[in-house]
Structure formats: C-alpha cells, structure tokens
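Me: Could you walk me through a few spots in this model? I'd like the reasoning along with each answer.

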Amino acid sequence: MFTDKESFKQAYLSKVIEGDGTTVDEATKWDKFVALVALLKEKMSHHRSTNKKSMSQGKQVYYFSMEFLIGKLLHNYLVNFKLEEFIREGLLELNINLDDLLEQEVDPGLGNGGLGRLAACFLDSMAFLGIEGHGNGIRYKYGLFEQKIMGGNQVEVADNWLKNGYPWEMRKPDKAVVIKFKGTVRTELNEGKISFLHENYEAVLAVPYDVPIMSYDNPLYINNLRLWSAETTCGELDLACFNRGEYKQSISNKSEVESISYILYPDDSSPAGRELRLKQEYFFVAAGLGSIVRSYKKRNGSGSLHNFSRRVSVHINDTHPVLCIPELMRILIDEEEMGWDEAWNITVNTISFTNHTIMPEAMEKWSIDLVKSLLPRILQIIEEIDRRFKEDLIARFMNEDEVIQNTRIFKDGYVWMAHLAIIGSSSVNGVAQLHTKILKNEVFKDYYRVFGYKFNNKTNGVNHRRFLLAANPKLSHLITEAIGPYWKEEAGELKKLLVYKDDHSFLEQLAYVKYENKCRFAEMVKHKQGLLIDPQSIFDVQVKRIHAYKRQLLNVLKIMHLYNKAMNDPESLTGSHTFIFGGKAAPSYHYAKIVIKLIHALSQKIEHDPRVNQKLKVVFIENFNVSQGELIYPAADISEQISSASKEASGTGNMKFMMNGALTLGTLDGANVEIKEAVGEDNIFIFGLTAEKVLDYTRNGGYKSWDEYHANSDIRMCVDQLNCGFFDNLGEEFRVLFDSLMIYNDEFFILKDFHSYLEMHDKLQTLYRNKKEWNRISLVNIAKSGRFSSDRTIREYADWIWKIRYRTVNNGINDSL
C-alpha cells in the first residue's frame, strides 16, 4: 500500500487503469473519483486484514435506525487517514484537482434530518472509541426526495443518488436473508411441545450492502453500516409467470418487492402506503437480526444463543425498529426452540431503546388488522407479550385501573410501538435532560412508575471531527495553533481556548476566519442558486426540517416586523441582515409547504423593494443536506433554535452551530438548556415561555391567541399581513397560517413568545456592533462545545446501557466494567 506521495501516485495511476482500462488523461472526473475511493477502500481492507483487533471477540453493538444521514465520505476519510495534504499534492502533479473529485461525490439519500445524522455521528464515534458497533438500515434507492423550489413552492422529485452507483458500498449476496410476509401460522404439537409453522407466505430477499465506517487517525477500527435492499427470490424475472403469458405480472411482482427499499418514509395516508411503511420496518429488522444471529453463531463457534445478550447489544433508534423485540422472540422460540421465559430474558437484556419525540403524531401505532395480515406470527407474539405484561401489572397495581389501561400495548384497535419498546427493552433513554424529564413526568409517567429503573438520559452529541475539524479547516488550524492538536481526539480540550477570550489579537483572527467562511458560503449560494449575499451582513440561520413546532413561522413574522419598522423608520435597521432558511417539508404536510412558500414570497417582496433590499435579504437553501450544512455551520453568526419549549427532544444543529462559533438565539428547549448551563446565561440568548409554562397552558388552558393579537399592534399587523394583499395576490395562499394562529389558537405559542423573541433579537443586533464582545462570546461557545461531542455520548451509552469496553484516547481500554 502507498505510504507517501510517490507511492500514492503509482498506486493511483494503476487503479485508474484497473477501473476502466483508460489512462488518467482519458478518464472522466467520475472515473478518477471512483479510483481514489477504491484506493482508500483497499487501504482500509489492508488495515483490517493485517491488524486484527484485540477486542474482535468482544461484545458487538448493532444500531438499528430507519435513517443514516452519513453525508459525503471521501473528504472525511482523507482527514481521518491524515492523507489530504500529500494526496492533494500528488494529484496536482498528475494535473488533477482534488476539489474536482470531491465534487463528484453525492450525498447518499439515506436520511432526512437529526435522527439520521445522529445515527451517523454515533457510528463515527463508536469506530473512534474502538467499539465494534455496526449500523443496520435500508438502502433507499431514491432516498426521501430531492427538493426543488419552483415559483416559491416545494416540488419533490426522486433523489436518484444511485444512478452512477455508489463506490463506497460492497454488495454481499452470500449474506442475503429471506423475509416472510403475510401467509398463515399453523401450530403443531410434537412430544408435548408446540411448534409454530409459517406457511403460504410471500418471500422477499434482503440483500446487504456494506459501507465502511472508519475511525479518525486509527485505521485499526473500521466498522460497517449494513444497508438492506429488497429483491425478489426468483431473480430479475418471474419466469414461471412469464411463461404462463402473464407478462405484466412477471415484472410487476419484481417492482412490488423492490418498492420496499425505494423511498424513505413513503406517504402513509393510504392503506397501501401504511402497508409499505410497516413492510419496511419489519424488512430491515428481520434482515438485520437474521444476519446478527448467523454472525454470532459463526463468531462463537456454537449453535446456542443462551449467552446471546452477553455478547450482543441491539439498540433501536426511535420506534421504527421496535419490531426487533417480537422478531428476536420469534427467532429464539420458533427457530432456537427456547421456552418463553428464557427467550424473554435474553430479548429484554439484548435490546435498548432511544425515544426521540414527545409529539403525539410521531408516536407510531399500527392497525391490529394490518399487523395481523402482514405479520401474523409477529402479532401472536405481541399479543402474548401484552397478556403476560397485563397479568404482572394486575398483580402489582390491582386497584389502579388507570395505570393498567395506560400501559397496554393494544389500545383503540392499534399496536402502540413505544409501549412495546418500553416493555421489551432493558433501557429507555431520552436525548436531553429536559426531554427525559418530560418522558418520565408526562408522556410515559405510568410506565415510569412500573419501570423507573429503565429510564435514563443520554444527551445527544455530534461528531466534532466532522463538523469542526473537517468542515471548518481554517478554524481548526487556528485552534490547533493555540492549544495543540489533542482536541481532535478529546473534544473537552477545547476549554483551553478560554485563556484567549480577552486576547484582542486572537479574537480578531477568529473574526477573520468567520468572515472567510461566510465568503465561502456566499460563493456556494451564488454558484448554485445565482443569489448574491453580503458576507459583511449578519448571517441569521435556521436550517432544519420544516415543522410547525420548530416555528419557522415565528422567524418569518420577525422579519416581516423588521420590514414594517423600516417602512415607518428607515433608520431602525442598523447594519445588514441575511436571514437564511433551509429544510424540507414532508410531501403531504400542507402547513409546512405553505411556510416555504411564505419564506419565498417575503424574500421576493424584500428583494424588489429598494427601500430595504440593501439591508435585508431572505435566502432559502434548496435541498438542504449534510454537505451544505458543512458550509453553513461555519458561516453562521446567529443560530436560530426557536422551537416551542418542551417540543424539541434535543436538537443537534444547535451543537454544530455552537462549536463553529455561532451565538444561539433560542428557547429553553431540548439541549439548549444544557448549552446554557455550559456557556452561562450571558453567552446564550434565551427568550420565551419555559417548558413548564407551555405544559401548564396545554393541560389547563388559559392562553388565548386573540388576547395577544388585540393587545399589540405589531403582532396584529404581521398576522393580518398573512391574510390580506401584503403579498400581492397570495393572501389566500397563507390563510392556513393565519388560521393556525387565530382560529386554532396558536398551538405552538408563536404570538405569546413574539415580543420576547424580538427583544432578544434586538439585543443581538446591538451586540453585533461590539465586535470584541461578540467574538469573545463566540469563543466561549467554541470552548464549551466539547461537552456536546458524540464521543461523550457514546461513552455514556457504552458504560451505562451496552456495558461494553472502549478505547480511551490514549489507546488504553476503559476498565469500568
């Protein structure tokens, strides 16, 4: 393998020729990119084969998630291998620009937002810490969707990210698993033992594709993200069907099966959509567990699974993979012939569960009839889990009917997946201190009475090597010059930057880095969207999934208010402001799509008004993804984290902005609470109702949006502008937003928090003119961000949930177990 620039050049030239038989001069940029990826994969494989891990027979962690938003890998892995500098130089000597090759890579369509990016960060940190932790998900052919903006409207088109193939993956057809849907279950009694036989089922082949997950600066540790693709068991063509003259059917069977792994979150507003969603969830759960059991038997040289929970941890990321619980029970009982009690003990001790939401509509539930039709044996097992659990509850809470009813798995004709998850796992964790408190005291309070010992908090984290070291090289260089390189391995070392918080020269360097990052981002916007933005202006950024509780509408109303003020008093706007939005709305979520339309309408109104267009600008980043995030986070001045208090589980964007020096403007929600604890109340800008007050209003009423509307003319003007001719002929378009505030009583307290929000935003505008103080606060945020590294989070999972050893940063092994 190559070890220096010259050996790299020779290896690379050989790899280009090996790829398509052409010389490097004849090869396309895509060919050159693929050759570089192949060379790095070969290097990873070499390290795997020559450096067997001392922990290779240790406990395995399998992280099941519907999403893995891994982003582009090439640059990240060049940073991890510490190869970027000499590979860039070597390629340049071959007349190849590394940046051109980096541009060839696409963002894999494997996720949507925070849930998927968290999963990706966790895989990175597990590899860094030497934990054999592997991802298990679905290889979506078309991802969620690619967002196009046409006439201010979101238009969804298929994200055909696999059209040229994906050079990082490796297909493993020999490890395929057969998944069984529908059919009937027959029982047999043999020698006093009941057997369950699944017959007349529809078989689907789950074929795995493995993507390497590489550790930073330690190629000894390379894990896998295993993604499953649905295929027919009869190959490309159902030949028997074709030979019967059923030509269309012979092809449609293939399409129906493959649709399981086509789209992330297919529309579930129809019966067919709901069936497809449930198929997806069982598909990757059954495939993953089948693969794990096979691997376990091979690794441990035994056909017995009696010690399974001591050697395997299965972690389910939110409720999508909850079918792991009945599926593992099915394997242990039906295939391994275990008794119920032993199988249940193994299952509970193997599986752990992270909850990510308190929003009622996000609490998954499936029609009993649908589960019975699609997964007949799985429903039988869930019914038995529910029956036994109810018996135990009655014995403990015989006089407390409410507790018994509130903790049933089956309610109102549905299977409640979060309830099954809590009953069938050893650990239930929230993802921020406030979120976990709400789970215990509000959402799952009856379960907390029953299973108090299971509930715990593990505040989310992000991979600081991805979102600071790799995404912000200029800031990373400045930090390393100041405190040395150890922070790259141990994010807590960033606190050493605090000695520079009053150093005028260092703060000026910090400000210049921010300006260069803003210029870089402005150039990207100009190139991709043809928009000109001023890097001297305040970059006020809100990029996240578009949803009512995330309150992009509150942000828009603030900008409308600033516009209205400027119309009355042109001097009220000091400095220049660029408001940046980004995020996708679910295809069937009308409200969210109208918010996107509103953002574009306001952008156009401001852009065409010469009275304000030099001081105000609104920009919507089309098709926001990980790669764009890596440009936006380093460029942001203000990080908008303005969800209704108690609604956001944690947030991870708040952490990425913080470690890149943006100042947080937010509510006391999710991890904002802990960011405030870390930086101090003078270094974060908090507004609005507390979670306790929001919950009190929700339980007891008392808030009337009409009161806020009538009490304040500023609010009234902005709200009325949603429903009149302010946006030319678009008044009726925004009626749904007006109604959400006035007719449906402002469920997310936008009007209640409006003035507090404006006051804190005004404070930030004033502070921005005091460059030294702004830069000091920015530095404090960077210095205190180490607490929010995913390395810290994974250590906590390893110590308290998975009970697994990990590598410390000095290459030792923790002895806490």
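Here are some questions and answers on a helix, a core and one residue.

Reply: Heads up, this is a predicted model, where local features need pLDDT of at least 70, side-chain atom pairs count only at pLDDT 80 or more, and totals for chains, interfaces and linings use all residues. Residues are numbered from 1 along each chain as its sequence is written, and side-chain values use heavy atoms, leaving out hydrogens and water.

Me: How far apart are the end C-alpha atoms of helix α11?

Reply: Helices here are DSSP runs of H or I, at least four residues, numbered from the N terminus. The expected span is 1.5 Å times one less than the number of residues, so the 12 residues of α11 (residues 324-335) should span 16 Å. The model agrees with that, its end C-alpha atoms being apart by 15 Å.

Me: How many of the 12 residues of α11 are buried?

Reply: Buried means under 20% relative accessible area, with a 1.4 Å probe and protein chains only. Among the buried ones are C324, P326, E327 and R330. The helix is largely enclosed by the rest of the structure, because the buried count is 10.

Me: Which helix gives the most to the largest nonpolar core?

Reply: A nonpolar core is a set of buried Ala, Val, Leu, Ile, Met, Phe, Trp, Tyr and Cys residues joined through side-chain atoms within 4.5 Å. The largest has 268 residues, and F64 is one of those with the most contacts inside it. The top contributor, with 12 residues, is α9.

Me: Is A566 buried or exposed?

Reply: A566 sits in helix α22 (residues 552-568). Its relative accessible area is 6%, so A566 is buried.

Methods
Helix = DSSP H or I, 4+ residues; strand = E, 2+ residues; numbered from the N terminus. Buried < 20%, exposed > 50% of the residue type's maximum accessible area, 1.4 Å probe, protein only.
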